[in-house]
Amino acid sequence: MSKHYEYIGSKIKELSGEIFQRIESPFGQDNFFNPIVEELDFPRHSVENLFIHIGEFLISQTEEHKMNFVKFVEVFGLQLIKSKASLDQSIHFLYLTRYSIIDLLELELLHERISIKNYFEVIKIIEYLFQLISKTLLNIYSVEMSDIKIALDESKEDLKMTLREYADLERALNEATIFAISDHEDKILYANDKFCNLYQYTIEELIGKTHDIYSSHFHPPAFFHEIWETIESGNVWKGEILNQAKDGTKYWLDTTIIPFVDSNGERYKHISIQYDITEKRNSEETLRNTEKLSMIGELAAGIAHEIRNPLTTIRGFVQLMNQNGKEPYYYTDTILDEIDRINFIVSELMIFAKPHQIQYNECNINNILTSVIKFLEPEANLKNVEIEYEFPIEDVIISGERNQLKQVLLNLLKNSIEAMPSGGKIYILLERTTQNIVITIKDEGIGMETEQIKKLGEPFFTTKQDGNGLGLMVSYKIIQNHKGSIHVNSNLNQGTTFTISFESPQKNKIVYES
C-alpha cells in the first residue's frame, strides 16, 4: 500500500470524537451542538472507532478490512437507532464526520504534505466509504421501518413514529442529494427540487416519464441491462452515469439505485440517489492530461538530444570531406558509425510505437541463456570477467518472442560486464518454481545508489558515460509485454542483482504490445 495512504490513514485515526461536540455548522451561522454525543445515550468510543475503521481501511484496502468495516457500520447504525437519534440527526452526524475528514485532507494539501493526486485518490476512497455507510444505514432504517410497519395495527403511536421517520428520511434525502422515486416500470413518481434543477425539467414534465428523458446516449445498452438485472434481483446498484439536461449540458453523477421489494420478493419501486461529480471528473481528466503532456515533452526532448549529437558529427565530417576533396574516405567509418547509432536509437524506440502483432511461441530459456553467454564470453575474457551459471537439468519453456528475450538478456549481461572494469564474477541462476520461472543475474560491479535504481527504465537515464538509457527502457517494456517483472537490488561497490520473473507460460498465444 502506498505510503501516502498510510500517512493519511494514521492522521484520520488520530481524529477524536471530541471534535464533534461543537463545530461550525454549514447549515447555519450558529455552532452546531451535537445531540448524539452530549444529550443522547450514545457511546463516545463508537465515534472514535468510526475514525479508526476508516483509517484502517485506507491503510490496508483488503476484503477483510472491508467486511470488518461493514460489520462495524451495522453495529454503529443500530447504536444510532437505539440512541433515540432521528434519521435527520444521524445523517447530519455522518456529514460532520465526512466534513472533518475533508477538512483534514485540505489542511494536509495546504501544507503540501500530500499532493493533489493523493488528495483526489483519498477523496474517492472516502466518498466510497461514506456511500457504504449511507447505504448500510438506509438498509438498517428500512428494516427498522419494516418492523414498525408490522406493529401499525397495534398502535396508532407507532404509526406516527413511522411517518415521522419517513419524513425525516425524505427531508434528509431532499436536502443532501439529487433524489427521485420510480415505479416498477421505471416511470418517475417523485423528484426533488435538486433533481428538477439539474435536469432543467419541471416536476410536471417528469412525472410519468421514464429516465430515458435525460439520457446522454453515452452508455451502451448493456450498461443499463446490467443495472436492471441488479435491481430486479433486489440488489443495490452503484456506479457513475453520464446524463444530459434539457439544454444539452452533460453531468457525471455518482448514482445509487435502491430497489424496494414486496413480501414475494418482487420489486415494486426503486429510489435513485445521485451526487454531481462532474467537476471532480473534469479535474481528474485535466490532471491526467497534464501528466501525459509532461511525459511526452520529456521524451521528445530526450529523443531530440540523442539524435542531434550524431547528426552534428555527420554534418561536421561531411563539411570536412567537401573541403578536402582529395581524401574524403578518412571520415567514412565515423560517419557510418554515427548513422548506425541513429538507426539503433530509432529501432529501440519502435517498440513503444503503435501496437503491432507478435507471434508468441515456445522459447527454451536454457538455450537462449547459453547462446547469450557464448556470445559475450570473448568480451568478458578481455575484461577479466568470469561468468558462472546454473541451469535446471530439464528445459525451461515459456511462451514468448525469442529475439526480444535474447535482447533483454544481452542488455543485462553486457551491463554487468561493463560494471566491472577491473574484472570479477557474474553468477546466472535459472530456477523453476511451482508458479514462476526466475532468472537471476548477479555481478560484483560498482553497484548503484537507491535514487539511481528508482530511475532505471526511464527514457535516456544511464549510469554509463557513453550510454543512452534506451537499453533498459526497452528491456523493461519487453518483460512487461511477456507478463513478467524485473526487480533490482544494488549497493555501491557491492554489486547488482537483476531478477526477472515470469508467470506460468501460455502456448501459441497472439498478443499485442502496448
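Strands, as the word is used here, are DSSP runs of E covering at least two residues, and they are numbered from the N terminus; by that convention Ile397 lies in strand 11, which covers residues 397-400. The model is predicted, and the points below deal with its nonpolar cores, its aromatic pairs and a few individual residues. The largest nonpolar core holds 36 residues, and by the rule applied to rings there are 10 aromatic pairs.

**Nonpolar cores**

- Within the largest nonpolar core, which has 36 residues, the members that touch the most other members are Ile365, Leu413, Ile426, Ile439 and Ile500.
- Two or more residues of this core come from each of several elements, including helix 13 (365-382), helix 14 (402-418) and helix 16 (470-481), together with strand 10 (385-390), strand 12 (424-432), strand 13 (437-443), strand 14 (484-490) and strand 15 (496-502).
- Helix 13 makes the greatest contribution to this core, giving the most with seven residues.
- Another core, of 33 residues, lies apart from this one, and among its members are Ile54, Ile102, Ile125 and Ile126.

**Contacts of Ile426**

- Leaving aside residues up to four places away in sequence, Ile426 touches a set of residues that includes Val385, Glu386, Ile387 and Glu388, as well as Leu413, Ser416, Ile417 and Met420.
- Ile441, Lys442 and Asp443 are also among the residues that Ile426 touches.

**Aromatic pairs and a charge over a ring**

- By the pairing rule the count comes to 10 aromatic pairs, and one of them joins Phe195 and Tyr214, whose ring centres are 5.6 Å apart and whose planes stand at 75 degrees, so the pair is edge-to-face.
- This pair links distant parts of the chain, since Phe195 belongs to helix 8 (residues 193-199) and Tyr214 to the loop between helix 9 (203-206) and helix 10 (221-232), 19 residues apart.
- Phe195 has a relative accessible area of 0% and is therefore buried, and Tyr214, at 4% relative accessibility, also counts as buried.
- Phe195 and Tyr214 form one aromatic cluster with Tyr199.
- Phe223 and Phe224 form an edge-to-face pair as well, with 5.3 Å from centre to centre and 90 degrees between the planes; Phe224 has a relative accessible area of 31% and is partly exposed.
- Lys269 lies over the face of Phe260, at 5.5 Å from the ring centre.

**Ile397 in strand 11**

- Ile397 counts as partly exposed because its relative accessibility is 26%, a value that falls between the limits of 20% for buried and 50% for exposed.
- Although Ile397 and Asn367 are 30 residues apart along the chain, their C-alpha atoms are separated by 9.8 Å.

Notes. Residues numbered from 1 in each chain as written. Predicted model: local features only at pLDDT ≥ 70, side-chain atom pairs only at ≥ 80, totals over all residues. Heavy atoms only, no water. Core = buried A, V, L, I, M, F, W, Y, C linked by side-chain atoms within 4.5 Å. Buried < 20%, exposed > 50% of the residue type's maximum accessible area, 1.4 Å probe, protein only. Helix = DSSP H or I, 4+ residues; strand = E, 2+ residues; numbered from the N terminus. Contact = heavy atoms within 4.5 Å. Phe/Tyr/Trp six-rings, centres within 6.5 Å; stacked < 30°, edge-to-face > 60°. Lys NZ or Arg CZ within 6 Å of the ring centre and 35° of its normal.
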